[in-house]
Amino acid sequence: MRWIFGYGSLVWRPAFEHLERRPARLRGWARRFWQGSTDHRGVPGAPGRVVTLVEAPEATTAGMAYRVSDDVFEAVIAKLDHREKGGYERRVVALEAHGGARLSALVYLAGPSNPHYLGPAAADRIVAQIDRARGPSGPNDEYLLRLERWLRDVGERDAHVFELAAALRRRRAAPRDPRASDRPPPG
């Protein structure tokens with residue numbers, strides 16, 4: 001049996017065969033909306049933003065660990081390699097599962113050297129991009145809000161995700177100047 005760790009859309013839509021799923025945490029990594037998506041939540045020339053992991057010694061990322069049978073593991077990995085083809089690479093990490101169990105799991109992350117990496121930006125700039133991006137898997141805001149909902153439903157906190165979701169709601173509640181551009185603010 002092998003484990004796969006999801007911390008973005010895999011927490012609510014794994015879309016692969018698994019025997020069990022457990023809430024788990026990854027220490028030393030932080031979830032950030034720093035990866036561009038031109039194949040799922042955006043398109044070439046108008047990328048969306050999705051999460052990746054960045055090393056952060058004091059951070060902990062909550063997610064979901066999926067146990068996959070050895071019989072289907074290679075097929076699941078082939079499917080995930082295709083799903084995560086936009087700059088993600090595989091890495092083996094040590095997880096702490098609910099109940100204290102230690103698990104070795106495969107995780108996909110996208111670092112600064114990949115061509116779709118967008119990196120850090122001000123929250124209002126990230127949110128402006130998320131608010132207008134659409135791709136084959138749906139609107140980018142759905143990705144952000146579903147991730148926020150999952151975190152709240154399982155009782156986890158993620159300051160970065162919660163800040164962006166709150167900023168998105170403020171942006172939508174603010175009156176729009178019809179003369180204003182829909183481009184993100186500088187910075």
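**Exercise 1.** In this predicted model, determine whether M1 is buried or exposed.

*Solution.* The relative accessible area of M1 is 54%. The threshold for the exposed class is over 50%. M1 is therefore exposed. As to its position, M1 belongs to the segment that precedes β1.

**Exercise 2.** Identify which residues M1 touches, leaving out those up to four places away in sequence.

*Solution.* With those neighbours set aside, the contacts of M1 are L19, R67, V68, S69 and D70. A separation in space can be added for D71: its C-alpha lies 8.8 Å from that of M1, although 70 residues separate the two in sequence.

**Exercise 3.** Classify S9 by accessibility and state where it is found.

*Solution.* S9 sits in the loop that links β1 (2-6) with β2 (20-37). Its relative accessibility is 12%, and the buried class covers values under 20%. S9 consequently counts as buried. Beyond four places in sequence, S9 is in contact with P14, R83 and Y143.

**Exercise 4.** Describe how the strands are arranged and which helix packs on the sheet.

*Solution.* Begin with the strand order: five strands form a closed barrel, β1-β3-β2-β4-β5, and the pairing is mixed. Next, consider the angle between neighbouring strands of this sheet, which averages 45° with direction ignored. Then take one pair: β2 and β3 (residues 48-68) are antiparallel and joined by 15 bridges. R32 has T52 of β3 as its bridge partner. Finally, helix α3 (residues 140-153) packs on the sheet and touches β2 and β3. The direction of α3 makes about 75° with that of β3.

Technical notes: Residues are numbered from 1 along each chain as its sequence is written. This is a predicted model: local features need pLDDT of at least 70, side-chain atom pairs count only at pLDDT 80 or more; totals for chains, interfaces and linings use all residues. Side-chain values use heavy atoms; hydrogens and water are left out. Helices (H or I, at least four residues) and strands (E, at least two) are DSSP runs, numbered from the N terminus. Buried means under 20% relative accessible area, exposed over 50%, partly exposed in between (1.4 Å probe, protein chains only). Contact means heavy atoms within 4.5 Å. Two strands pair if DSSP finds at least two bridges between them. Axes are lines fitted to C-alpha atoms, for helices over the stretch in contact, and angles run from 0 to 180 degrees between N-to-C directions.
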